[in-house]
Amino acid sequence: MLTITRKLEFDAGHRIPDHKSQCRNLHGHRYTLEITLAGEVISAEGNSDNGMIMDFSDVKALAKEHLVDVWDHAFLVYDKDAAVKEFLASLPGHKTVVIDRIPTVENLAAVAFNILKAAYKDRYGTGLKLHKLVLHETPNCWAEITDA
């Protein structure tokens, strides 16, 4: 299997409401996102994408449109974290993304995978698919999710 990987970064805040340590406080990270795609190499003479699984600039553009620009400089808040949701709603124009689960790196990776899986699915009729997503919360801690 041949794959390609594109790395992007974004900044976001979150908190883990019931965590036993400092992660229960509002804080942020410089997240690093690695997107790995699999599919057939495009074979179309004269086509800009000839010889590629997908042009890296297109990988980036789709990731930014569907995820990175949505999450960048936002606060990622759990839907049931009422106190923080209410506080963020009181800030005029605040960029808040509400998700249906606690925003651990594991859960954020799963949410991101589902969002991007749909964005890349068979884009060129070559079987293109999101194969793996890695989300680094810090340089030393990350979660990986792979298409089964």
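Reader: Which cysteine sulfur is closest to the sulfur of Cys23, and at what distance?
Author: A heads-up before we dig in: this is a predicted model, where local features need pLDDT of at least 70 and side-chain atom pairs count only at pLDDT 80 or more, while totals for chains, interfaces and linings use all residues. Residues are numbered from 1 along each chain as its sequence is written, and side-chain values use heavy atoms, with hydrogens and water left out. A disulfide is a pair of cysteine sulfur atoms within 2.5 Å. The closest sulfur to that of Cys23 is too far for a bond: it sits in Cys141, at 9.2 Å.

Reader: How many disulfides turn up in the whole structure?
Author: Going from the other end, Cys141 has its closest cysteine sulfur in Cys23, and that one is too far for a bond. Searching the whole structure for disulfides gives a count of zero.

Reader: Are Cys23 and Cys141 buried, partly exposed or exposed?
Author: Buried means under 20% relative accessible area, exposed over 50%, and partly exposed in between, using a 1.4 Å probe and protein chains only. Cys23 comes in at 30%, and Cys141 at 40%. Because of those values, Cys23 and Cys141 each count as partly exposed.

Reader: What is the order of helices and strands along the protein chain?
Author: Helices (H or I, at least four residues) and strands (E, at least two) are DSSP runs, numbered from the N terminus. The protein chain has three helices and six strands. Read along the sequence, the pattern is β-β-α-β-α-β-α-β-β.

Reader: How many aromatic pairs are there, and which one is stacked?
Author: Rings of Phe, Tyr and Trp (its six-membered ring) pair if their centres lie within 6.5 Å; planes under 30 degrees apart count as stacked, over 60 as edge-to-face and the rest as tilted. The whole structure holds two such pairs. The stacked one, at 5.2 Å centre to centre with 15° between the planes, is Phe10 and Tyr31.

Reader: What does that pair tie together, and how many residues apart?
Author: Phe10 and Tyr31 are both buried. Phe10 sits in strand 1 and Tyr31 in strand 2, so their pair ties together parts of the chain whose separation in sequence is 21 residues.

Reader: Which residue makes an edge-to-face pair with Phe10?
Author: The two rings are 6.1 Å apart, centre to centre, with 70° between the planes. This pair links distant parts of the chain, from Phe10 in strand 1 to a partner in helix 1 (residues 56-71), 61 residues apart. Phe10 is buried at 1% relative accessible area, and the partner is buried too, at 3%. Phe10, Tyr31 and this partner form one aromatic cluster, and the partner is Trp71.

Reader: Which backbone oxygen lies 3.3 Å from a polar atom of the His29 side chain?
Author: His29 belongs to strand 2, and at 16% relative accessibility it counts as buried. The oxygen 3.3 Å from its side-chain polar atom is in the backbone of Glu137.

Reader: Where does Leu26 lie, and is it buried or partly exposed?
Author: Leu26 is in the loop between strand 1 (3-14) and strand 2 (27-38). Its relative accessibility is 48%, so Leu26 counts as partly exposed.

Reader: What share of the protein chain's residues count as buried?
Author: The C-alpha trace spans about 55 × 30 × 25 Å along its principal axes. Of the chain's 148 residues, the buried share is 40%.

Key: A polar contact is a pair of N or O atoms within 3.5 Å; within protein, one must be able to donate a hydrogen and the other to accept it, and residues adjacent in sequence count only if both atoms are side-chain atoms.
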